[in-house]
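Thanks for sharing this one. Here are a few friendly notes to read with the viewer open.

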Amino acid sequence: MPNKHNNPCIQDSRLTKLETVLEQVKEDNEDFQESLKEHRKSIEENTIAIKEQVATWNTIKLMLGGCF
């Protein structure tokens, strides 16, 4: 009985499946990296907006005589 693991057709099929999975993983990783860049940009924009709001609140606080 031949060893099925040594069958070139089965080995080629497995290799093709592995290559397909590897390609999908690469694509998923690229998508994830792009999403991460967008998320990072959003965080940076939100951080700037928060700093601007805090500065506005501090200015109002000073204008009110530091009552808070």
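The points below go from the overall fold to the surface patches.

1. A reminder before anything else: this is a predicted model. Its secondary structure is quickly listed, as the protein has 1 helix and 0 strands.

2. The helix, H1, covers residues 8-63. With 56 residues, H1 reaches 82 Å from its first C-alpha to its last, close to the 82 Å expected at 1.5 Å a residue.

3. What share of the 68 residues is buried? The answer is 0%. The protein exposes about 6,500 Å², and carbon and sulfur atoms supply 60% of that area.

4. Have a look at the acidic side chains next. Glu 23, Glu 27, Asp 28, Glu 30, Asp 31, Glu 34 and Glu 38 form a negative patch on the surface. One of them, Glu 30, is found in helix H1. Glu 30 counts as exposed because its relative accessible area is 55%, and the cut-off for exposed is over 50%.

5. There is a nonpolar surface patch too, made of Ile 50, Val 54, Trp 57, Ile 60 and Leu 64. Together these residues have about 490 Å² of accessible area. Leu 64 sits in the segment after helix H1. At 46% relative accessible area, Leu 64 is partly exposed, which still meets the requirement of over 30% for patch residues.

6. Finally, a backbone detail for your torsion plots: Gly 65 follows H1 and has a positive phi, near 85°.

Note on methods. Residues numbered from 1 in each chain as written. Predicted model: local features only at pLDDT ≥ 70, side-chain atom pairs only at ≥ 80, totals over all residues. Heavy atoms only, no water. Patch = residues over 30% accessible without salt bridge, like charges linked within 9 Å, V, L, I, M, F, W, Y side chains within 5 Å. Areas by Shrake-Rupley, 256 points an atom, 1.4 Å probe, with all protein chains shown as cover. Salt bridge = Lys/Arg side-chain N within 4 Å of Asp/Glu carboxyl O. Helix = DSSP H or I, 4+ residues; strand = E, 2+ residues; numbered from the N terminus. Buried < 20%, exposed > 50% of the residue type's maximum accessible area, 1.4 Å probe, protein only. Lys, Arg positive; Asp, Glu negative; His and termini not counted. Charge placed at Lys NZ, Arg CZ, Asp CG, Glu CD. Expected span 1.5 Å × (residues − 1).
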